[in-house]
Amino acid sequence: MSVELDPPELGFRRPFTHEVTQSLRLQNPTNDPIAFKVKTTAPKQYCVRPNSGKIDAGGDVEVQVLLQAMREDPPPDARCRDKFLVQTVSLSQDSDASNIPAIWQNIEKVSKSSIQERKIRVVFLPADGSGASPSQRHPQETHVGDEAPPAYGSPAPSFGSPGPEAVTPMNRSTDTKSQIDSSGTHSTVPHNQSRASAAVSNIAQAVPTSGEDLRAQLADAKATISRLTQQAKEQGLRQRKADAVNQDSRERITTGTTGMGVQQQPADGVPVQLVAALCLLSFLLAYFFF
C-alpha cells in the first residue's frame, strides 16, 4: 500500500506576484518504515522542504511546498499543468535515516520496480476564496494516476529567492519561445530564397549558351593573353635599359669620368685642317703658274 496524501491536489491561491506556500501531509499506513522523495515537472518553479526523508510505521510527515513569485499573474482561466510525484519504498527497521540519498541511489539501481508512486496535480485558485475546491472544479481529474505526466525533476530542498528563469510560469515561457522561433523562421525563409534565386540568375548569365559565345570568349581570352605578353616584354626591355644605364653610371663613377666635359686627346700626326690648306695652296699655285 502506498503513502496517503492530504490534500490529494495542491491548490495555490492568487496573487502569484509573491511566494505562496501550501502544506502536503504524507502518512504511512503500513507497519514498516518507508523512504519518500518528492519530484515535480517544474523544479525551477517550486521549493519543497523536506524533499526526501523517512516516515516511521503509522507516522506522517508534513511537507511545505512553495510556489515562487512570478512577474505577473497568469490569466484567470489559465490551467496549471504542473504536477508533483511522490515516490516511496519500504525500508527495514534498522535502516539509517541519515543516509536517505544513498538508499535511493541503491534502490534505483538494483530494485527500481519496488518503488511506488503517487501523482499530484497543481491548480490555481482565485484570490477571494469564492471558487470551488480543486476536486469540485475538476471532478474528472480526481484520479491523478490515470494520466502520465511529463518528466519529473527534484525541486530545491530549501526556500529562497528564485532565479531569473523561475519567475514566470513554465507554459507561458514555452509558448513565448515557440512564438519567437516561429516568427524567426518565417522571416528568414523568404530572405534565403531571394538570395538563392539571385545566385542562380548570376550563374545562368555567366554560362555561354551558343558556339558563337564560346568563340567570342575564346578570342577575348587570346587578346588578353597577347596584351599581357606584350606588356611583359616591354617591361623586360625597360628593365634591361635601366640596368644598362645603371651599370654605365657605376663604371663612370669608378673610373672618375662622366659623359659631360670630357676632352678628347688629338690624334698623332698633321691636323686635317692643315692638310686641307696645303692642298688648296698647291692647287692655286699650279693654276696660276702652269
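Among the elements of this protein chain, strand β7 (residues 60–67) has the highest mean pLDDT, at 95, while helix α2 (residues 134–137) has the lowest, at 48. Keep in mind that you are looking at a predicted model. Across the protein chain the mean pLDDT is 75, and 67% of the residues reach 70 or more. Let's go through the confidence, the sheet and a group of rings.

**Where the confidence drops**

- In residues 135–149 the pLDDT is below 50, and beyond near neighbours in sequence this stretch has 21 contacts in the model.
- In residues 160–190 the pLDDT is again below 50, and this stretch has 29 contacts in the model beyond near neighbours in sequence.

**A sheet of four strands**

- Four strands make up an open sheet, and if you walk across, the order is β1-β3-β7-β5 with antiparallel pairing.
- Strands β1 (4–6) and β5 (46–49) are the edges, as each of them pairs on one side only.
- From one strand to the next, the twist averages 25°.
- As a general reminder, the strands of a sheet pair through backbone hydrogen bonds, and the pairing can be parallel or antiparallel.
- Between β1 and strand β3 (residues 20–27), which run antiparallel, there are three bridges.
- For a spot to find on your screen, try Asp6, whose bridge partner in β3 is Arg25.
- Strand β7, a member of this sheet, is also the element with the highest mean pLDDT.

**Aromatic rings that meet**

- The model has four aromatic pairs.
- One of them joins Phe12 and Tyr46 in a tilted arrangement, with 5.9 Å centre to centre and 45° between the planes.
- Phe12 sits in strand β2 (residues 10–13) and Tyr46 in strand β5, so this pair ties together parts that are 34 residues apart in sequence.
- Tyr46 also pairs with Phe84, this time edge-to-face, at 5.0 Å centre to centre and 75° between the planes.
- Because Tyr46 belongs to strand β5 and Phe84 to strand β8 (residues 83–90), this second pair ties together parts that are 38 residues apart in sequence.
- Through these ring pairs, Phe12, Tyr46 and Phe84 are linked into a cluster.

**Buried or exposed?**

- Residues count as buried when their relative accessible area is under 20%.
- Phe12 counts as buried because its relative accessibility is 0%.
- Tyr46 is buried too, with a relative accessibility of 0%.
- Phe84 has a relative accessibility of 1%, so this ring residue also counts as buried.

Key: Residues numbered from 1 in each chain as written. Predicted model: local features only at pLDDT ≥ 70, side-chain atom pairs only at ≥ 80, totals over all residues. Heavy atoms only, no water. pLDDT = per-residue confidence, 0-100. Helix = DSSP H or I, 4+ residues; strand = E, 2+ residues; numbered from the N terminus. Contact = heavy atoms within 4.5 Å. Pairing = 2+ DSSP bridges. Axes fitted to C-alpha atoms, helices over the stretch in contact; angles between N-to-C directions. Phe/Tyr/Trp six-rings, centres within 6.5 Å; stacked < 30°, edge-to-face > 60°. Buried < 20%, exposed > 50% of the residue type's maximum accessible area, 1.4 Å probe, protein only.
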